[in-house]
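Student: I am new to this structure and would like to be guided through some of its local features. Could we take them one at a time?

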Amino acid sequence: MEAKTSLENTSLQASKRLIRRVAVLGSGVMGSRIACHFANIGCQVELLDIVPNTLTAEENAAGLTLQHPKLRNKVAQTALESTLRANPAPLYDRQFVERIRLGNLEDHLDRLSEVDWIIEAIIERADLKQALYERVEAHRKEGTLITTNTSGIPIGILAKGRSEDFKAHFCGTHFFNPPRYLKLLEIIPGRSTKPEVIDFLMQYGSLFLGKDTVLCKDTPAFIANRVGIFGIMSTLAAVEKFGLTVSETDALTGTLIGRAKSATFRTLDVVGLDTLVKVANGLYEGLPQDEARALFKIPPTLQKLLDNSWLGDKTKQGYFKKTVSPEGKKEILELNLADFSYNKSPKVEFELLKKAKEIDNLRQRLQFLVADKGKVGQFYQQVFFELFQYVSHRIPEISDEVYRIDQAICAGFGWDIGPFALWDALGVAKTTEAMHAAGLAPAHWISEMLAAGKPSFYTVQKAETHYYDLNSQHYKSIPGREGLIILDNIRKTNKIWGNEGCTLHDLGEGIACLEFHSKMNTIGGEVLSGIQTAISLAEKSFLGLVIGNDSPTFSAGANLGVLYMYGCDQEYDEIDLMVRQFQQTMMRVRYSAIPVVAATAGLVLGGGCELCLHADAVVSNPETYMGLVEFGAGVIPAGGGSKEMTLRTARTYTQDDPEINKLQQAFMNIATAKVSTSAAEALNMNYLRNSDTVVLDRSRLLLAAKQKALELAQKGYTQPLKRTDIRVQGRTAMATFRAGAVGMHYGRYISEYDLKIADKLAWVMSGGSLTGPALVSEDYLLDLEREAFVSLAGEKKTLERIQSILFKGKPLRN
């Protein structure tokens, strides 16, 4: 029987299981990164691998032997060191590596008796895995979780010959690489796996690892790779059919349709063409009954690349080739799919794409593209219709529920919208009719669903997403997602107020939520007005306010367009008024009569960071990239950011850490426009506080923020008083800041103009003209930072930087 999970009915035994120590067996690309992610969440990790079987020339020369303690853990150590050099980083904080203890599979298997979960991540060979399990059983205590990170070997084969207790606690836990960043975790039960074990892993993966945990059947490649690889092979066939180039294909299959920026061919080069071929061949051999089996056969173009060993990034050429021009400049050429030559990428000339990019709503954009009668529309129809046909036939083979397929492909391949949700967006009945006309009829149950009066795969009932269940032929709520706040589900019913820049929603239980919807959620006049209005309305009718959204970005900072216009016209009074409005709004966030909670994920830059600095609490996802980056635009933080970091540093002074050191660190973070690589690093940079909360599951972020606002309100929230006792250091701090900035200038880390901006920031953070340590007010520091900002805003160098950001798309970060 297929194991089922229901998070709302998680058993008492499952809920009481604690994971303190984890063992990862195998330290390769996946094993070492899995170990790092468990270290990220606070677990102690044992990372074990084989003992080396040969010595290097250097080791021989040093007189070492394979029995030398220095060499026994060499494989695991080398692998972990390589992983720690990876970019993006596998750890939230480099210090977390101390939670990982290295070892080997000969000397340290006895450590397995002390762990709560054993994860096997060795080479994909069933015989080697089975041999390792036999050795593991000698040390594993009963009840310990034992899982495999296999990407496709049947769980039943791997569990063969093991004890009943081993099999009862054994299943697949398939992480996607890199585990920190890709959200998918496929859970694959065996026939003997206890249901409570699956319940626990589904819940733990979501709450503690921040994953979209997807329950899979034990079928070839499980769900994500089965459907994802089909989608890639289908796209390659359509590219050949319609004569598309590499550039054209990537323009059509990337962010335009809600998929990864690397689109199709860039993704394949990064992953490695040999990897694609290996998985596709495995599916072709392992799926003799699959109606679309022929599509998994390697096409001639891909086979020629494989024969030439043009495998992508690992060989420096695949669909793209990295080279150097005669002038010495690095270039990336693209493959001509007709003659296999490499040339500069031609400009993509599809006029339709320009019109499509003007449509912000993804579902409406997809409808527009598919409706095209030309080559672009025909390409999308071919690829989408084949995908819909394929996933319809995978129910119930790989999953009984449509939402699991959508979750897996979105979390594993970075799609914004899964196959069934995409089908919904295009209209199920209309699209199904078109599929029949194109000779791509879906499975019969689709027609039965439509005949039964069920027009879509998903529907919203009482603000919750429900899916069409094939077995009962009714809509059901998605297990484990009950109670989550999804703003798309409440836009029509819970809107309180809105303008062009933001919308205020009622989240229930006395909490409101302000959502920005400007480009990149930047903060301009409309948003500032919205924050003021939202707080006023919340003070009258609500207990608290959340500021957050469901998008990948919290806020990329202030809208620089108006500043650029005023700066070009030297309208200093207007700039001063604009900055005052920003400061007043941030102080309104700080000194409102109700608690204000910011819910952050993704970019939290400039003005977005300043908003968080003034909120009563921040609830953040670990993937929060926060920083005061105004130096990149030629100015200093003036929405209270410079003031707030001076204030926060003053709070943390201790006898063991001289005041000026902490202040210098805060100064340097701003002067270098440093952005945290995680919420943990933002805490180290003092942008977050120990009292702030981190929520690993992004989908629970708004719910957690709402609960935090309720908690603050129910504890008896009292409006704070403005601070008048902020300690500044005067000329001592000024001299220290100046010395550091000058040293960076001499070292050519910053420009002459950066040095000028640094002097302005130093003036603010040291207290202006004060000669020695003194206590000042927030208003005093706000005046200083505003004056400094205004003096820089009309400078030629500042305007050049802002122009570069606005018109060339240069990110506002170092």
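Tutor: The conversation below goes through a sheet, a hairpin, a pair of helices and several loop residues. Please keep in mind that this is a predicted model.

Student: Let us start with strands. In what order do β9, β10 and β11 lie in their sheet?

Tutor: The order is β9-β10-β11, in an open sheet of three strands with antiparallel pairing. Since β9 (320-324) and β11 (342-343) stand at the edges and each has a single partner strand, one side of each is left without a neighbour in the sheet.

Student: And how many bridges join β9 and β10?

Tutor: Five bridges join β9 to β10, which covers residues 330-335, and the pairing is antiparallel. As an example, K321 has L333 of β10 as its bridge partner.

Student: What holds paired strands together in general?

Tutor: Strands of a sheet pair through backbone hydrogen bonds, and the pairing may be parallel or antiparallel.

Student: Staying close to β9 in the sequence, where is Q317?

Tutor: Q317 is in the loop between α14 (300-307) and β9. With a relative accessibility of 16%, Q317 counts as buried, because the limit for buried is under 20%.

Student: What does Q317 touch, apart from its neighbours within four places in sequence?

Tutor: With those neighbours left aside, Q317 is in contact with W310, L311, G312 and Y342.

Student: How far is Q317 from K643?

Tutor: Their C-alpha atoms are separated by 50 Å, and the two residues are 326 residues apart along the chain.

Student: On to the hairpin. Which strands are β15 and β16, and how do they pair?

Tutor: β15 spans residues 495-498 and β16 spans residues 502-508; they pair in the antiparallel sense over three bridges. Together they form a hairpin, with three residues between them. Within this pairing, G498 has T503 of β16 as its bridge partner.

Student: What about E509: buried or exposed?

Tutor: E509 is exposed, at a relative accessible area of 58%. This residue lies in the loop between β16 and β17 (511-516). Its phi is positive, at about 60°, although E509 is not a glycine.

Student: Why remark on the sign of phi?

Tutor: Because most residues other than glycine have a negative phi.

Student: Where else does a positive phi turn up?

Tutor: A463 is one of the cases, with phi near 70°. A463 is found in the loop between β12 (458-461) and β13 (464-469), and it counts as partly exposed at 31% relative accessibility. Q570 also takes a positive phi, of about 55°, just after α23.

Student: Now that α23 has come up, which of its residues are buried?

Tutor: Helix α23 covers residues 560-568, and its buried residues are L560, L563, Y564, Y566 and G567.

Student: What caps its N-terminal end?

Tutor: N559 caps the N-terminal end of α23, where a side-chain oxygen lies 2.9 Å from the backbone nitrogen of G561.

Student: How does α23 pack against α24?

Tutor: The angle between α23 and α24 (residues 572-590) is about 155°, and their axes are 8 Å apart. The two helices are therefore roughly antiparallel to each other. The crossing of α23 past α24 is left-handed. On the α23 side the contact is made by V562, L563, Y566 and G567, and on the α24 side by E574, I575 and M578.

Student: Changing topic, where are the cis peptide bonds before P178 and P396?

Tutor: One runs from N177 to P178, with omega near 0°, and P178 lies in the loop between β6 (170-175) and β7 (184-189). Another joins I395 and P396, with omega of about 5°, and P396 is in the loop between α17 (375-393) and α18 (402-413).

Student: One last residue, H108. Buried or exposed?

Tutor: H108 is buried, with a relative accessible area of 17%. H108 lies in the loop between β3 (100-104) and β4 (117-120).

Student: And which residues surround H108?

Tutor: Neighbours within four places in sequence aside, H108 is in contact with L48, N73 and G103. In addition, a polar atom of the H108 side chain lies 2.9 Å from the backbone nitrogen of N104.

Note on methods
Residues are numbered from 1 along each chain as its sequence is written. This is a predicted model: local features need pLDDT of at least 70, side-chain atom pairs count only at pLDDT 80 or more; totals for chains, interfaces and linings use all residues. Side-chain values use heavy atoms; hydrogens and water are left out. Two strands pair if DSSP finds at least two bridges between them. Helices (H or I, at least four residues) and strands (E, at least two) are DSSP runs, numbered from the N terminus. Buried means under 20% relative accessible area, exposed over 50%, partly exposed in between (1.4 Å probe, protein chains only). A polar contact is a pair of N or O atoms within 3.5 Å; within protein, one must be able to donate a hydrogen and the other to accept it, and residues adjacent in sequence count only if both atoms are side-chain atoms. Axes are lines fitted to C-alpha atoms, for helices over the stretch in contact, and angles run from 0 to 180 degrees between N-to-C directions. Angles under 35 degrees count as roughly parallel, over 145 as roughly antiparallel, 65 to 115 as roughly perpendicular and the rest as oblique. A crossing is left-handed if the near helix is turned anticlockwise from the far one by less than a right angle, and right-handed if clockwise. Contact means heavy atoms within 4.5 Å.
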